[in-house]
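Please look through the charged pairs and the helix packing of the structure shown here. The questions below take them in turn.

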Amino acid sequence: MKVTYFGHACVQVEVNGKTILFDPFITPNELAKDVDVEELSPDYILISHGHEDHLADAEAIAKRTGATIVSNFEITTWFQQKGIENVHPMNHGGAWSFDFGKVKLVKAVHSSTLPDGTNGGNPGGFVIESEEGNFYFAGDTALTMDMKLIPMFTKLDFALLPIGDNFTMGVEEAIVASDFIECNTIVGMHFDTFGYIVIDHDKAKEAFSNKNKELVLIEIGKTKNI
Ligand code: NI
Ligand code: MN
């Protein structure tokens, strides 16, 4: 699968000919200033929780492209009230088969209030199963025992985990998370964007390789086949 990183927790994955964009936060992100949001044409926008740094560009992209927003019920309702018709509401533990593959909304330990103070439901992550492979987008989360449920149902090929610490788990916990989800290919996200989450890339990669795991850090705007 082609995985493109747009900074922070914004990742695009091409699956079965469809383009899925996760947690678009590009225009407010100084580190992603060379990414042109107008050039993105996702079929789906998956949003893990209600925080601004995960949905800042979602409304504009959805209105321009007609992409379907997939998120929890509270967040899809919020976007509907902004005039976006193509939404698919979900809730934790539920899965739905889309035209690219199956999506399950799983638990994240975090918060989820929307930018205007509206209740954004509970934060989540997504497990995607497709003919081309399976992966997990964790969203913003602490290390949680619930991650152990994922490999009981899905054999993951790779996982996108937050590694920036302070607001989410850091490198040490992400390594344990990769044990819990039984997946040794981890794409790091949610680091460097703000002062609180700046990390040492080499140290992070070394910590993973010491446990015979790979931490993939994709340069912003670049694509990797995983
Ligand atoms: Ni958050
Ligand atoms: Mn965040």
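The questions and answers that follow concern a predicted model, first its salt bridges and then one of its helices.

Q: How many salt bridges does a search of the whole structure find?
A: The count takes in pairs in which a side-chain nitrogen of Lys or Arg lies within 4 Å of a carboxyl oxygen of Asp or Glu. Searched as a whole, the predicted model yields a number of salt bridges equal to seven.

Q: Which residue forms a salt bridge with Glu 38, and how exposed is that partner?
A: Glu 38 sits in the loop between strand S3 and strand S4, and its partner, 26 residues apart from it, belongs to helix H1, so that the pair links distant parts of the chain. The closest N and O atoms of Glu 38 and Arg 64 are 3.7 Å apart. Because exposed means over 50% relative accessible area and buried means under 20%, Glu 38 at 56% is exposed, whereas the partner falls in between, being partly exposed at 36%: Arg 64.

Q: What is the distance between the closest N and O atoms of Lys 63 and Glu 59?
A: Both residues lie in helix H1, four residues apart, which is about one turn of the helix. An α-helix has 3.6 residues a turn, so residues three or four places apart point the same way. Lys 63 is partly exposed at 47%, as is Glu 59 at 27%, and the closest N and O atoms of their salt bridge are separated by 2.7 Å.

Q: Which residues are linked with Glu 59 in a network of salt bridges?
A: Glu 59 forms a salt bridge with Lys 63, and its side chain also meets that of Lys 82, at 4.0 Å from N to O. The second of these pairs joins distant parts of the chain, since Lys 82 lies in the loop between helix H2 and strand S6, 23 residues apart from Glu 59 in helix H1. Lys 82 is itself partly exposed, with a relative accessible area of 31%. The residues networked with Glu 59 are therefore Lys 63 and Lys 82.

Q: Which helices and strands are included in what covers the buried residues of H4?
A: Helix H4 spans residues 171–180, and its buried residues are Val 171, Ala 174, Ile 175, Ala 177, Ser 178 and Phe 180. The elements that cover them include helix H3, strand S11, strand S12 and helix H5.

Q: Which residue just after H4 takes a positive phi?
A: Helix H4 comprises residues 171–180. Just beyond this helix, a positive phi of about 55° is taken by Glu 182.

Methods:
Residues numbered from 1 in each chain as written. Chains lettered and ligands numbered in written order. Predicted model: local features only at pLDDT ≥ 70, side-chain atom pairs only at ≥ 80, totals over all residues. Heavy atoms only, no water. Helix = DSSP H or I, 4+ residues; strand = E, 2+ residues; numbered from the N terminus. Buried < 20%, exposed > 50% of the residue type's maximum accessible area, 1.4 Å probe, protein only. Contact = heavy atoms within 4.5 Å.
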